[in-house]
Amino acid sequence: MRALLVEELAPEYGGCALKEIEPPVAGPGEVQVKVRAAAVNFPDLLQTRGEYQHKPPLPFIPGLEISGEVSALGEGVEGFQIGDPVVGGARIGGFSEYAVTPAAALRRKPEGLSFSQAAGYATAYLTAYVSLVRRAAVEPGEWVLVHGAAGGVGLAAVDLAKHLGCKVIAASASDEKLAVVQAEYQPDAIVNVTGGFRERVKEITGGRGADVIYDPVGGDVFDESIRCIAFDGRILSVGFASGRQPVLPVNIALIKGFSVMGVRAGEYGRQFPEKGRENTAAIWGMAGQMKPRVDREYPLADWRAAFDSLADRKVIGKTIVRPDL
């Protein structure tokens, strides 16, 4: 089979190469999947440089989210048949024609989602769910400001917040991206953060500020967000896509009475396994009502262009690699 191998940890994907290798074999309790789609996530890019917390031994195949069809069953696997359309996480990575994953990490693909939509759904929407529901406990009618609203996790937060009955402000540094978000997701307001956004957010919210701020950007965006958070508001720290980890002036938190909440959706499920299972069931139960957006699909041979589209922040939604193209 063809697979993208990381043979050396290096910048600019210098240790990556598309190779012909033997397909992985499903062991006891495992399923081999013919990969139809694999989502590209920032951890995939970081893994090629050894900068992600999970560091698989070399060589390895990146690609954490897949969808496809069951092609072989390991010993003891029940509940799946050859040809079943499935979605889940891959132990042996998804940027390949075949992947192996524990049966427990798979579920049937919802009929309402394409293979590409299904591959890009779980991580983004689980992050949004843990953020908005578990951590912030949002209420219908609250103002939710979503930074990075055109990215995978940001767009999922816009979609979910609207579904939960919140009033949503979608924020980005690109008018072009915001126009797409407005047309396809109908947030209550859009804000271009270039040049500042504090006064505009206060104007939109009648002077109060946002009740919840979803921040996967960090840096200057966080610094200004604490100036437009409502009293008793919640700032969700989801990541630092800007490259700078901000520092909180605690005197401002004291005066304005807001909370800063860190979000690691996967770790939340590991710390609270029962809640983790509930979270997963909740997002897949809503799959037919959500609108995951696939920005573009790339053949496996064009993996570098797929990675670059994410690194260059050109994507509105999710980038997908399709080994079957």
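**Group meeting: one chain, from Arg2 to the aromatic cluster**

Let me start at Arg2. Its relative accessible area is 22%, so Arg2 counts as partly exposed. The cut-off matters here, because buried means under 20%. Keep in mind that this is a predicted model.

Where does Arg2 sit? It is found in strand β1. What does Arg2 touch, once neighbours within four places in sequence are set aside? Leu18, Lys19 and Glu20 are in contact with it. So are Ser96 and Glu97. Leu300, Ala301, Pro323 and Leu325 complete the list. Now a distance. Arg2 and Gly74 are 72 residues apart along the chain, and their C-alpha atoms are separated by 22 Å.

Now the whole chain. It holds eleven helices and 15 strands. The C-alpha trace spans about 60 × 40 × 35 Å along its principal axes. How does the radius of gyration fit a compact globule? For 325 residues, such a globule would have a value near 20 Å; the chain has 20 Å, so the two agree.

On burial, 51% of the 325 residues are buried. The exposed surface comes to about 14300 Å². Carbon and sulfur atoms supply 51% of that surface.

Contacts next. Take those between residues at least 6 apart in sequence: 67% of them join residues at least 24 apart.

And charge. How many positive and negative side chains are there? The chain has 35 positive and 39 negative. The centres of the two sets lie 4 Å apart.

On to the aromatics. The search of the whole structure turns up seven aromatic pairs. Take Tyr13 with Phe307. Their ring centres are 5.3 Å apart and the planes meet at 80°, so this pair is edge-to-face. The threshold for that label is over 60 degrees. Which parts of the chain does the pair tie together? Tyr13 is in the loop between β1 (2-6) and β2 (16-20), while Phe307 is in helix α11 (residues 303-311), so the pair links parts 294 residues apart in sequence.

Are these two buried or exposed? Tyr13 has a relative accessible area of 5%, so it is buried. Phe307 has 0%, so it is buried as well.

Phe307 has another partner, Trp303. Here the ring centres are 5.5 Å apart and the planes are at 75°, so this pair is edge-to-face too. Both residues lie in helix α11. They are four residues apart, about one turn of the helix. Trp303 is buried, as is Phe307. Add Phe95, and there is a single aromatic cluster: Tyr13, Phe95, Trp303 and Phe307.

Two more residues before I stop. Ser67 lies in strand β4 (residues 65-73). Its relative accessibility is 0%, so Ser67 counts as buried. What does Ser67 touch, not counting residues up to four places away in sequence? One run is Lys34, Val35, Arg36 and Ala37. Val86 and Val87 are also touched. Then come Phe115, Ser116, Ala118 and Ala119.

Finally, Ala179. Its place is in helix α5 (residues 175-185). At 44% relative accessibility, Ala179 counts as partly exposed. How far is Ala179 from Ala150 in sequence and in space? They are 29 residues apart in sequence, and 9.9 Å apart C-alpha to C-alpha.

Methods: Residues are numbered from 1 along each chain as its sequence is written. This is a predicted model: local features need pLDDT of at least 70, side-chain atom pairs count only at pLDDT 80 or more; totals for chains, interfaces and linings use all residues. Side-chain values use heavy atoms; hydrogens and water are left out. Helices (H or I, at least four residues) and strands (E, at least two) are DSSP runs, numbered from the N terminus. The radius of gyration is taken over C-alpha atoms; the globule rule is 2.2 Å times the number of residues to the power 0.38. Buried means under 20% relative accessible area, exposed over 50%, partly exposed in between (1.4 Å probe, protein chains only). Contact means heavy atoms within 4.5 Å. Accessible areas come from the Shrake-Rupley method with a 1.4 Å probe; for residues, only the protein chains shown count as cover. Lys and Arg count as positive and Asp and Glu as negative; His and the chain ends are not counted. The place of a charge is taken as NZ of Lys, CZ of Arg, CG of Asp or CD of Glu. Rings of Phe, Tyr and Trp (its six-membered ring) pair if their centres lie within 6.5 Å; planes under 30 degrees apart count as stacked, over 60 as edge-to-face and the rest as tilted.
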